[in-house]
Amino acid sequence: MTAPFFTDLSPIRYEGPDSVNPLAYRFYNKDEVVLGKRMEDHLRFA
């Protein structure tokens, strides 16, 4: 059995380039290719 970790944290959201939140995604282009994979594929877990 596995115990859930970090259950009280909300997911990190995209807030745009003007966000002052240090834990927010500021730049996100799902079709941009990074290291041979699209950003959407790299960040699928998010």
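The points below are a colleague's note on this predicted model, going from the chain as a whole to single residues.

1. Confidence. Because the structure is a predicted model, the confidence values deserve to be read before anything else. The mean pLDDT of the chain is 80, and 93% of the residues reach 70 or more. Among the elements of the chain, strand E2 has the highest mean pLDDT, at 90, while helix H1, covering residues 39-42, has the lowest, at 84.

2. Secondary structure and overall dimensions. The chain contains one helix and two strands, and along the sequence these elements follow the pattern β-β-α. Strand E1 covers residues 33-34, strand E2 covers residues 37-38, and helix H1 takes in residues 39-42. Taken along the principal axes, the box filled by the C-alpha atoms is roughly 35 × 30 × 10 Å.

3. Burial and contact range. Of the 46 residues in the chain, 9% are buried, and the chain exposes about 4,500 Å², of which carbon and sulfur atoms supply 59%. When contacts between residues at least 6 apart in sequence are considered, 0% of them join residues at least 24 apart. A reader who wishes to examine the burial in detail may start with Ser 19, which is treated in point 5 and is buried.

4. The surface patch in the segment before E1. Which residues form a nonpolar patch on the surface? The patch is made up of Phe 5, Phe 6 and Leu 9, which together have about 430 Å² of accessible area. Phe 6 is placed in the segment before strand E1, and its relative accessibility is 64%, so that Phe 6 counts as exposed, the cut-off for this class being over 50%.

5. Ser 19 and its surroundings. Is Ser 19 buried or exposed? Ser 19 is buried, because its relative accessible area of 12% falls under the 20% that marks this class. Ser 19 also belongs to the segment before E1, and its side chain is joined to that of Glu 15 by a polar contact of 2.8 Å. Once the neighbours within four places in sequence are left aside, Ser 19 is in contact with Ala 24 and Arg 26.

6. Two separations along the segment before E1. Tyr 25 lies in the segment before E1 and, with a relative accessibility of 25%, counts as partly exposed. Tyr 25 and Glu 15 are 10 residues apart along the chain, and their C-alpha atoms are separated by 6.1 Å. Thr 2, which is likewise found in the segment before E1, counts as exposed at 76% relative accessibility. From Thr 2 to Asn 21 the distance is 31 Å, C-alpha to C-alpha, for a sequence separation of 19 residues.

7. The loop between the strands. Leu 35 is found in the loop between E1 and E2, where its phi is near 55 degrees, a positive value in a residue other than glycine. Most residues other than glycine have a negative phi, and for that reason the backbone at this position may be worth a look in the viewer. Leu 35 is exposed, since its relative accessible area is 81% and the class begins over 50%.

8. Salt bridges. How many salt bridges does the count come to? The count comes to two, and Arg 38 takes part in each of the pairs described here. In one of them Asp 31 is the partner of Arg 38, with the closest N and O atoms 3.7 Å apart; with a cut-off of 4 Å, this pair therefore qualifies as a salt bridge. In the other, Glu 40 forms a salt bridge with Arg 38, and the closest N and O atoms are 2.0 Å apart. Through these shared partners, Asp 31, Arg 38 and Glu 40 are joined into one network.

9. Exposure within the network. Relative accessibility is 46% for Asp 31, 31% for Arg 38 and 27% for Glu 40. Because partly exposed covers the range between 20% and 50%, Asp 31 counts as partly exposed, as do Arg 38 and Glu 40.

Conventions: Residues are numbered from 1 along each chain as its sequence is written. Side-chain values use heavy atoms; hydrogens and water are left out. Patches are made of residues with over 30% relative accessible area and no salt bridge: like charges are joined within 9 Å, nonpolar side chains (Val, Leu, Ile, Met, Phe, Trp, Tyr) within 5 Å. Accessible areas come from the Shrake-Rupley method with a 1.4 Å probe; for residues, only the protein chains shown count as cover. A salt bridge is a side-chain nitrogen of Lys or Arg within 4 Å of a carboxyl oxygen of Asp or Glu. Helices (H or I, at least four residues) and strands (E, at least two) are DSSP runs, numbered from the N terminus. Buried means under 20% relative accessible area, exposed over 50%, partly exposed in between (1.4 Å probe, protein chains only). A polar contact is a pair of N or O atoms within 3.5 Å; within protein, one must be able to donate a hydrogen and the other to accept it, and residues adjacent in sequence count only if both atoms are side-chain atoms. Contact means heavy atoms within 4.5 Å. pLDDT is the predictor's confidence in each residue, from 0 to 100.
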